[in-house]
Amino acid sequence: MKTEFNVPKPVNRRFVLSIISFFLFFTACPSDNGSTTTKTPLILISMDGFRWDYFNKTETTNFDELIQSGSKANALIPVFPTKTFPNHISIVTGRYPENHGIIANRMYDPVFDESYYIGEGSAPVRDGKWYDSEPIWVTAEKQGQKAMTMFWPASEAEIMGIRPSEYFVYDGSVSHNDRIDQILKWLDYPAEERPTFISTYFSHTDSYGHQYGPDSDEILKAIGEMDRTIGRLIFGLKVRGLFDKVNIVLVSDHGMASVHLDSIIYLDDYINMDDVYMVDWTPIGSISPLNNVDEIYSKLKNVHPNMSVYKKGEAPERYHYRNHRRIQPVTAVAREHWSISTHEYIATDDHAEGFNGATHGYDPAYKSMRGIFVGHGPAFKSGFSGPGITNVHLYEMMCSILGLNPAKNDGSLDSSRVFLIN
Ligand code: AMP
Ligand code: ZN
Ligand code: ZN
């Protein structure tokens, strides 16, 4: 075995590193008013589409370690619609979609006369004008802390004139290891440059879930890959003596439910598709009638047992989906496992394939739509398992842990206090 610094075993080398890191890490750093404070970083990690029950599906040694010495909720309950962007923005702003403005992954804004869409290279994602509420990285930067993001939906946008001190434009090809190593690199920064808020994001379980379904063998491999990835972070933190010193918040945005080609609601059975503009399709149809709203509404309402249809302002209160200009005049909501489409679309090219995997977006009340929440570190109880919480409460919780004054939001610290030591 190769030896360095005359230290015979890797474990001892690590021990020396830990001691050095420990002292370096807790070197006091100057705050705004010139006084000195010690700040404990918080690492927010999202695993897209990681359903609440995935921990129990396969061996997850590293997740188990985090959970056993941390605090876990039975579920992280998403907001409506249970899509990626609305939920990621709710997690970091504490606001429901009708308040933060990202009411879907695909939207049309009548004032901008522009459309919003997600995915690599999306220009609107990077345009701060779409975001109505303050994400925690803006709160942190405004209050003299540093935020650094190794991906998070919208963290590449300048919001309210502010960006994270360091951030990356979304690029799904960056390896999982590189994302973890970037976090560790930031933690190695000298005290005065080190971030207090760090985020990262992985789409892996979402992609596998969509393609193969939440009960497939393939999803087990994806869960395993995420377990290995979190293991790399745990190891990197341990080597630095930081595993118990930093706070980790592991979340997902929603769950996943299987869909079937024989469970499609064909809108063209009920309306002429030339009479509407479809802003979004499935499982939430966002419908803009070109002429007569009432006519389209009455033609779609109560026609299919697996589709609920609402006029703007009339969606169930618990959806918090009534009051934004980007909400279209008619919204169609498919029941779990059902999809909304047209005969023409299904008959074209390979479109049918996408209706035989799994999806999300449904009513957050379905168990299948629930995600995960695990907190680990000095702020969190150890070995604690608690009830499910709605994701709008996490902004207040993270602000409290970081000593930040939260911006206006829809959450409350009381809802997450059960997971915290204080
Ligand atoms: P969904 O369609 O709701 O399953 O959303 C998942 C997809 O969101 C991922 O596969 C990515 O393509 C996309 N995505 C995630 N983060 C970003 C980002 N920061 N910018 C643009 N697209 C993103
Ligand atoms: Zn997602
Ligand atoms: Zn997805």
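**Close-up views of strand E20, its sheet and the helices**

**View 1. Valine 251 has phenylalanine 373 of strand E20 as its bridge partner.** The model is predicted, so local features are described only at pLDDT of at least 70 and side-chain atom pairs only at pLDDT 80 or more, whereas totals for chains, interfaces and linings use all residues, and side-chain values rest on heavy atoms, with hydrogens and water left out. Residues are numbered from 1 along each chain as its sequence is written, while chains are lettered from A and ligands numbered from 1 in the order in which they are written. Helices (H or I, at least four residues) and strands (E, at least two residues) are DSSP runs numbered from the N terminus. Strand E11 (residues 247-251) runs antiparallel to E20 and is joined to E20 by 4 bridges; two strands count as paired if DSSP finds at least two bridges between them. Strand E4 (residues 71-73) also pairs with E20 in the antiparallel sense, over 2 bridges, and here lysine 72 has valine 374 as its partner. Within E20 (residues 373-376), Phe373 and Gly375 point one way and Val374 and His376 the other, and all are buried, where buried means under 20% relative accessible area, exposed over 50% and partly exposed in between, with a 1.4 Å probe and protein chains only. In a regular strand, side chains alternate between the two faces of the sheet.

**View 2. Strand E20 belongs to an open sheet of 8 strands with mixed pairing.** The strand order is E9-E8-E10-E3-E11-E20-E4-E21. Strand E9 (166-167) and strand E21 (384-386) stand at the edges with a single partner strand each, so one side of each has no neighbour in the sheet. Strand E8 (residues 147-150) and strand E10 (residues 197-202) pair in the parallel sense over 4 bridges, with methionine 150 bridged to threonine 200 in E10. Helix H11 (residues 394-402) packs on this sheet and touches strand E3 (42-47), E10, E11 and E20 (contact means heavy atoms within 4.5 Å), and the direction of H11 makes about 155° with that of E3.

**View 3. Phenylalanine 380 lies in the loop between E20 and E21, and helix H11 is mostly covered.** Phenylalanine 380 counts as buried because its relative accessibility is 2%. Its C-alpha atom is separated by 9.1 Å from that of serine 69, although the two residues are 311 residues apart along the chain. Leaving aside neighbours within four places in sequence, phenylalanine 380 has among its contacts Ser71, Phe373, Gly375, Met397, Ile401 and Phe419. In H11, 8 of the 9 residues are buried, including Tyr395, Glu396, Met397, Cys399 and Ile401. The helix is followed by glycine 403, whose phi is positive, near 70°.

**View 4. Four antiparallel strands form an open sheet in the order E14-E15-E17-E16.** Strand E14 (276-280) and strand E16 (307-311) are the edge strands, each pairing on one side only. From one strand to the next the twist averages 25°; axes are lines fitted to C-alpha atoms, for helices over the stretch in contact, and angles between N-to-C directions run from 0 to 180 degrees. Strand E15 (residues 284-289) and strand E17 (residues 330-334) run antiparallel and are joined by 4 bridges, with isoleucine 284 standing opposite valine 333 in E17. Helix H9 (residues 293-300) packs on the sheet, touching E14, E15, E16 and E17, and its direction makes about 160° with that of E16.

**View 5. Helix H6 (residues 176-187) packs with helix H8 (residues 217-239) at an angle of about 20°, with the axes 10 Å apart.** This angle makes H6 roughly parallel to H8 (angles under 35 degrees count as roughly parallel, over 145 as roughly antiparallel, 65 to 115 as roughly perpendicular and the rest as oblique). The crossing is right-handed, meaning that the near helix is turned clockwise from the far one by less than a right angle, an anticlockwise turn being left-handed. Among the residues that meet are Ile180, Ile183, Leu184 and Leu187 in H6 and Met226, Arg228, Arg232 and Leu233 in H8. The residues of this contact divide into 7 nonpolar, 4 polar and 4 charged, with Ala, Val, Leu, Ile, Met, Phe, Trp, Tyr, Cys and Pro taken as nonpolar, Asp, Glu, Lys and Arg as charged, and the others, Gly among them, as polar.

**View 6. The axes of helix H7 (residues 204-212) and H8 come within 9 Å and cross at roughly 180°.** That angle makes H7 roughly antiparallel to H8. His204, Thr205, Tyr208, Gly209 and Tyr212 in H7 meet residues of H8 that include Glu218, Ile219, Ala222 and Met226. By class, this contact has 6 nonpolar, 3 polar and 2 charged residues.
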